[in-house]
Amino acid sequence: MKKKKIYTFENTILSLKQYWQKQGCLLFEPYNSEVGAGTFNPATFIRILDKKPWNVCFLEVSKRPRDGRYAENPIRVQQYYQLQIIMKPSPSEIRRTYLESLNHIGIRLNEHEIRFVDDVWEAPTLGAYGLGWEVWIDGLEITQFTYFQQAGGIDLSVIPVEITYGLERLAMIVQDVSSMFDLKWNADLTWGDVYRQNEIEFSRYNFEKADPKFLTSLFDTYEAEGKRLLSEGLVYPGYDCAIKCSNIFNILEARGSISISERAKMIGRVRALANQTAQLYLTQNADENELEAVKAK
Amino acid sequence: MIDFLLEIGFEEFPPAFLKNSAEDLSTKLTHILKGKRIFFRSVRTLYTPRRIGTLVLGLTRKQKPQIIEIQGPPKKSAFDDNGKPTAMLLGFMKANNFKLSQIFLKEMKKGEYTCGKKEVEGARTHDILYEEVPKIIRGLEFPKMMVWGDNKDRFPKPVRWVVALLDRKPLRFEFAGVKADRYSSPNPHFAFKPIRLEKPREYMNFLRHGGVVVDPNERRRVILKRLKQEAAKMEGKPVYTDEMIEEINCTTEYPEVVTGEFDEQYLDLPEEVLMTVLKAQGNLIWMKPTNKFITVFSAKKKALQNVKKGYTRVIAAKLCDAHFYYENDLKQGLERMLEQTKDMMWLKDLGSLHDKAMRLNQFVIMFKSVPEVDMEILRRAAQLCKADLLSEMVREKDFTSLQGIMGGYYAKADGKQEKVAAAIKEHYLPRYAGDALPETKEGTVLSLADKIDNVVGAFLSGNRPSGSYDPLGVRRNGYGAINLIDTNSISISLFEVIDKLLKLYKKDFDKKIIAEFFTERVTRYLQDKKFRYDEINAVLATWSGDVTDARMRCDALKKLRGKTEFAKVVIGQKRVRNILKGIDKIDEVNGNLLKEPAENKLHMKGHETSAKLEMTLKSKNYSEVLNLLLAMRADIDKFFDDVLVMCEDEVLKNNRLALVNYINKLFLRFADFSQIVIDGAKQ
């Protein structure tokens, strides 16, 4: 009998990266500040704004404070890995390329159900939205597949496709385990060995220990700083403040210290920074047609 | 005879409008064929999540030939004095290949002209379809569209292939950067290699081999049959609706079914929670009341074990989450959640959710006259109704739709009275037009009080709706409250209610603005109840905020409308009102100044009517009210015939105007009849 190949978590990540490298993607690395999703990485948010071709693949550490479950839920955690692919303009064969990537890491398409569940994707703090799908394998959501239509409040003229794999869940299918804590990271250690304590402690931090007063003032400070930097023509440092605000907002929300109406307002404040970033970037980098679009806003 | 296949292939389509889009494509195609005189034997509408298609069988190769008339020169220039054809006519004949015997004369607008008839051969079906099909595709309309890549054509999801095969020949037009051809696409679970079609008739069979059942009716039959077979193996009854089956049908190319299960401990969860989890997880059908569910999936049979395992795992995790929230909430209890609502701001400057609940607790006293309402139950429910918004369950986005419902469960678990729990559970109903209404009286009143509070709160916090801007759903809330009032025949003035509520808010606000909003909503409501706009305007012009009463008045008007008396009442009031136009200062009637018999008569009739109106208005017998007003018509007419109102004598004139005004006011006690449009009558 043929010996079954062992797919570790780290191997799954490696082979996916190699796969997309072969598709012509630049291999980028995670951002250096806390983000809720790879979309926040400037390699996505800023690079998708103009018309220039851009193909990139990078791992992102996604922090979702509200999703923490003190390591008690098998598929929900407050921090996980995403692998994000951006291809601009979206290639016509992208669907097949994506499905073959699953095959590449050991998921046989004839042995599973791959379902594309209709989804309008929105990132209200980034003024971004797109149309696409959640991709489910045997009922488990493992990818977000989106054609961006708008970012930073600007209608995009060349459309990028964003493919975001949830790596732990994907690996759960590959390794056929029912909890991400049981994933083999390498031959000796599991995901739980590496991250369990982190999960429990951060769940406590997010839900119980974070200091709302401190965070609220931090939010205000970063917002003011972001506005100032953008007004002085600094795209990346200004945007960095928007990213910080977004993460602080997420923790405050998990902590349960934002009311429903306050929530909408804070989202609006982060979005204002993101929109300004987008406009500033395009004013500095875009061709004339794009500038018209910016001015029309 | 030839066949035609059109298939537009795309990445998975939004299920909500797949079926309509496919039908639209077929309708437009057959419409063009008929319009272009191309005959066909049959047409089929086909769709899966990845394609919409039309298969037309038995087409003619060409359009039906057409006989057309061609106009030549006018008679006087066509023939010379001897009746011989002129050079002009000969030229016309030559150009059209006519013999002289084919030429005839025809009377036109500008005189007699020569004409010839000619049979024009029909154009090739191929050429017509090549021309028209791209136009049809570009002319399709959808609720939501997108762009992709760098092309400019829009569609609900990216178009990846088009098959346009006329017999054995593809029509190679281009759409959205795709060239139409003869290659279709199989189910990716089966293969990637495109399916080559030699001719349209191969379509359904070849696609079936590629894991695609293109006929939606066939898929629906298969789904229902498999469901039945699978369910028969187990205990319990599958819970599904036609809409669920259609949605499943729109998300599968090749239906298979498998049964999954969850831990029996989760059967303790409230049924609504269980159903919400299963529903959020796609095509899952619960075998009530067991711990099993059936999923319809769209892959190879080989995938069955993985699918079963996968769904079972996911459902376990989701139910684990739900259970986690539920247990925590029960541990915490409704009273503690209520405590926490103090820290949850409701709307800017309008205090916390707790303040809202306490306000409702006061506000519902306004409704104590509603029959069969247990005030104690109602006030207790009002106090507790927002507490579940602080429960972990409802704060989770998958479960926010369970607001109220969870409150009901937690109230019961907390040992509150059944009726309190029931009122809490129902107090968001109706959530949208056509939704169920509360069954209990307390639930009804709490719901409408809450909705009115939402409306007033929105206005006070600067969130009044305008145009498409209505983030708080103020219009929906207003409409819901009105629906509840009318459906339950609750007799209360919205204007007084708003007044009271503003006092509870201790806010200064122009209540007219809110009253206007409600009047607009009532207009909409009555329109939906099929009253005519002029009836509604007439009644609402003088209404006092009582929705049920307004509706009863509309009823009375509508009933009378078909009868001849209707115009009489309306015209009677219009005569009265017309003369008052532009006059602002009017005194009381002085009986001593009434000279003419007709004015005396009208005055007496007015008195008599006024006394009777008092009673009939009170008993809300509006048909009788209309009869009373109608009975004044003879005296009104007589008055206008015999008496000159605008006479020279200022004193007499003013007194007569006062009389007319007095009569007019009697009409206005029912409605402003001047708003009514009498069909076909001069105003």
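This briefing walks through chain A, its contact with chain B, and the sheets and domains of chain B. The model is a predicted one. Chain A holds nine helices and eight strands, while chain B is divided into five domains, listed further down. Two open sheets of chain B are covered here: one has the strand order E4-E6-E5, and the other runs E2-E3-E1-E7-E8.

**Chain A as a whole**

- The radius of gyration of chain A is 20 Å, which agrees with the value near 19 Å that a compact globule of 297 residues would have.
- Along its principal axes, the C-alpha trace of chain A spans about 65 × 45 × 30 Å.
- Of the 297 residues in chain A, 47% are buried.
- If you look at contacts in chain A between residues at least 6 apart in sequence, 65% of them join residues at least 24 apart.

**Where chains A and B meet**

- Chain B brings 37 residues to the contact, and chain A brings 34 residues.
- On the chain B side, helix H9 (residues 304–332) gives the most, with 10 residues.
- Sorted by class, the side of chain B that touches chain A has 20 nonpolar, seven polar and 10 charged residues.

**The domains of chain B**

- Domain 1 of chain B is made of two segments, 2–62 + 124–209, and domain 2 covers 66–120.
- Further along chain B come domain 3 (216–318), domain 4 (335–550) and domain 5 (563–675).
- Between domain 4 and domain 5 of chain B, the C-alpha centres lie 41 Å apart.
- The contact between these two domains takes seven residues from domain 4 of chain B and six residues from domain 5 of chain B.
- Helix H20 (residues 533–540) of chain B gives the most to the domain 4 side of that contact, with four residues.
- By class, that side of domain 4 of chain B has three nonpolar, two polar and two charged residues.

**The five-stranded sheet of chain B**

- Five strands of chain B form an open sheet in the order E2-E3-E1-E7-E8, and their pairing is antiparallel.
- Its edges are strand E2 (42–48) and strand E8 (169–170) of chain B, each of which pairs on one side only.
- Strand E7 (residues 159–166) of chain B pairs with E8(B) in the antiparallel sense over two bridges, and Leu166(B) stands opposite Lys169(B) in E8(B).
- Helix H1 (residues 18–35) of chain B lies across strand E1 (2–10), E2 and strand E3 (51–59) of chain B, running at about 155° to E2(B).
- Helix H4 (residues 125–139) of chain B also packs on the sheet, where it touches E1, E3, E7 and E8 of chain B. The direction of H4 makes about 155° with that of E7(B).

**The three-stranded sheet of chain B**

- In this open sheet, three strands of chain B pair in the antiparallel sense, in the order E4-E6-E5.
- Strand E4 (66–74) and strand E5 (104–108) of chain B are the edge strands, each pairing on one side only.
- From one strand to the next, the twist averages 45°.
- E5(B) and strand E6 (residues 111–120) of chain B are joined over five bridges, in the antiparallel sense. Met108(B) has Gly111(B) in E6(B) as its bridge partner.
- Helix H3 (residues 87–96) of chain B lies across E4 and E6 of chain B, and it runs at about 160° to E4(B).

Conventions. Residues are numbered from 1 along each chain as its sequence is written. Chains are lettered from A and ligands numbered from 1 in the order in which they are written. This is a predicted model: local features need pLDDT of at least 70, side-chain atom pairs count only at pLDDT 80 or more; totals for chains, interfaces and linings use all residues. Two strands pair if DSSP finds at least two bridges between them. Axes are lines fitted to C-alpha atoms, for helices over the stretch in contact, and angles run from 0 to 180 degrees between N-to-C directions. The radius of gyration is taken over C-alpha atoms; the globule rule is 2.2 Å times the number of residues to the power 0.38. A residue is buried if 20 or more other C-beta atoms lie within 10 Å of its own, exposed if 12 or fewer, and partly exposed in between; C-beta atoms are placed from the backbone. Ala, Val, Leu, Ile, Met, Phe, Trp, Tyr, Cys and Pro count as nonpolar, Asp, Glu, Lys and Arg as charged, and the others, Gly among them, as polar. Domain bounds come from an automatic or database domain assignment.
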